[in-house]
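Dear colleague,

I am handing over the structure that we spoke about, and I would be glad if you could look at it slowly before reading my notes underneath.

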Amino acid sequence: MVAAGILLSRLVGLVRQAVFNRYFGLSDAADAFTSAFRIPNLLQNLFGEGALSASFIPVYAGLMARGEREEANRVAGAVAALLALGVTLLVLVGVVATPALIDLITPGFMGAKRELTITLVRILFPGAGLFVLSAWCLGILNSHRQFLLSYAAPVFWNLVMIAALLLGRHLPLPRLAIWTAWASVLGAAVQFLVQVPPVLRLTGGLRLVLDTASAHVRTIGANFVPAFVGRGAAQLSAYVDMWLASFLPTGAVAGLTAAQNVYMLPVSLFGMSISAAELPAMSEAAGDEAQVAGYLRARLDAGLRQIAFFVVPSALAFLALGQMIAQVLYQGRRFTADDSRYVWGILAGSAVGLLASTMARLYSSTWYALKDTRTPLRFALLRVGLTMVLGWFAALYLPDLVGAPRRWGAAGLTASAGVAGWVEFVLLRRALNRRIGRTGVPLAVVARLWGAAAVGALAAWAVLAWAPLGHRIVQGLAVLGTYGLVYLFCTFALGVPQARTLLARVGLGRRAAGGGGGAR
């Protein structure tokens, strides 16, 4: 259900990005809007996918599992009241401090481009508050195993944005950017409001009371701070990339954002969906220390295998077929074939750390289920430090050293972030292995996945070279479809349980699926 909700949301999000690119291209207005939108996006990620989930869900889900529904509802109401108060203050401060924020986020923006970015951030800040309240709804719904709506709710925000882009497409680009920003605030309100009725039904007469005396609320607060800092550190890596990209030629910021929208699809679908579904389940683990450790190992290993099955081919697709992906999703009108090649380069860089980033999410969720938010924090801070140092060199100096145009520093940013991601993943795994026992995906399994992906890439290139299919979208779908099918059947032939289960679900390989023990 998590994956279905995220898939629906991301697909509509890709449509929104495609429509946006069609009317904005890689222009100054596009750079301004994508930079400005990182403010609400940061808050949504911090509260929705990080700190709030890490601190609130383990406590709330634990209370529900023990049958303490009334206390769980009191805790939920107290957290909602605290969030509402904090968000109001945050929005007010953000609107006033916008010029200073712009100097921190995009110091390379000057003149009219900087002024437009300031205007857009001030419009978008109220929407950021609504995204935070949506994150609270997500925590309630997830704890009650109501996954689909909470992760599909952004569809409504995307639809409002798409409608605004289509209605305002004839406006000059700066005015279109402002029009689209107001549409984002309206869409955020819709995203929040569609989740309110089921939340009220599940909590049964929720009351918003600023209760800071509750031991459970205090536990959430104590875990929230390191989780917020840790999640903020991870988000800071993306801001470092954007900050450095602002010093690159026009189009670097928008190109990086276009690539990140694609890159985040497998991270969200497979890393975030599995981690989000596992967190409330892991949080309910009970028994002595050995029983809890065994339960967590079993769930973690099964989740890691699932992630690897889907993310390995995604990474190789970004590396080998990234231009085709960009052509299918974005190319048209102001977004040219050269822009597609540029986005391919950035996607290829992101392939370096894709597997590590998605697996690290599940390891972090396991730590959160153990009510330990400080260990992931330490490693997240180290990752940010590495991202800053490596990104600074790769973006601003490496292109000159190798004789490449300066705008290709954006590809260096994503590749260097991937290296830092691998360091974080290794540290998370090693520390958790010391606590609950050995975990991870066997190298033999990983080798089979990469081998199957390589065969799929060769088949896709053969279709591209020898099958004249006319229109770029038809050609792209044929090439990418070939890649996916060949990978699936190669993994099936190699005995990968996840492939057998997947084929069984679509009516194929049923007999083989019966022997696929361990697949979920």
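Below are notes on a helix, a surface patch and two single residues.

Please keep in mind throughout that this is a predicted model.

I began with helix α9, which covers residues 154–167 and has 14 residues. From its first C-alpha to its last, α9 reaches 20 Å, which is close to the 20 Å expected at 1.5 Å a residue. Several residues of α9 are buried, among them Trp-157, Met-161, Ile-162 and Leu-165, and what covers the buried residues of this helix includes α1 (2–24), α2 (28–36), α7 (111–143), α8 (147–152) and α10 (173–193).

I then turned to the surface, where Trp-392, Phe-393, Tyr-397, Leu-398, Leu-401 and Val-402 make a nonpolar patch of about 610 Å². The elements that give two or more residues to this patch are α17 (374–396) and α18 (398–402), and the largest share, 3 residues, comes from α18.

Is Leu-401, a residue of the patch, buried or exposed? Leu-401 has its place in helix α18, and it counts as exposed because its relative accessible area is 62%, where exposed means over 50%.

The residue Gln-327, which lies in helix α14 (residues 289–329), has a relative accessible area of 12% and is therefore buried, since the cut-off for that word is under 20%. If residues up to four places away in sequence are not counted, Gln-327 touches Ser-340 and Arg-472.

With best wishes

Key:
Residues numbered from 1 in each chain as written. Predicted model: local features only at pLDDT ≥ 70, side-chain atom pairs only at ≥ 80, totals over all residues. Heavy atoms only, no water. Helix = DSSP H or I, 4+ residues; strand = E, 2+ residues; numbered from the N terminus. Expected span 1.5 Å × (residues − 1). Buried < 20%, exposed > 50% of the residue type's maximum accessible area, 1.4 Å probe, protein only. Contact = heavy atoms within 4.5 Å. Patch = residues over 30% accessible without salt bridge, like charges linked within 9 Å, V, L, I, M, F, W, Y side chains within 5 Å. Areas by Shrake-Rupley, 256 points an atom, 1.4 Å probe, with all protein chains shown as cover. Salt bridge = Lys/Arg side-chain N within 4 Å of Asp/Glu carboxyl O.
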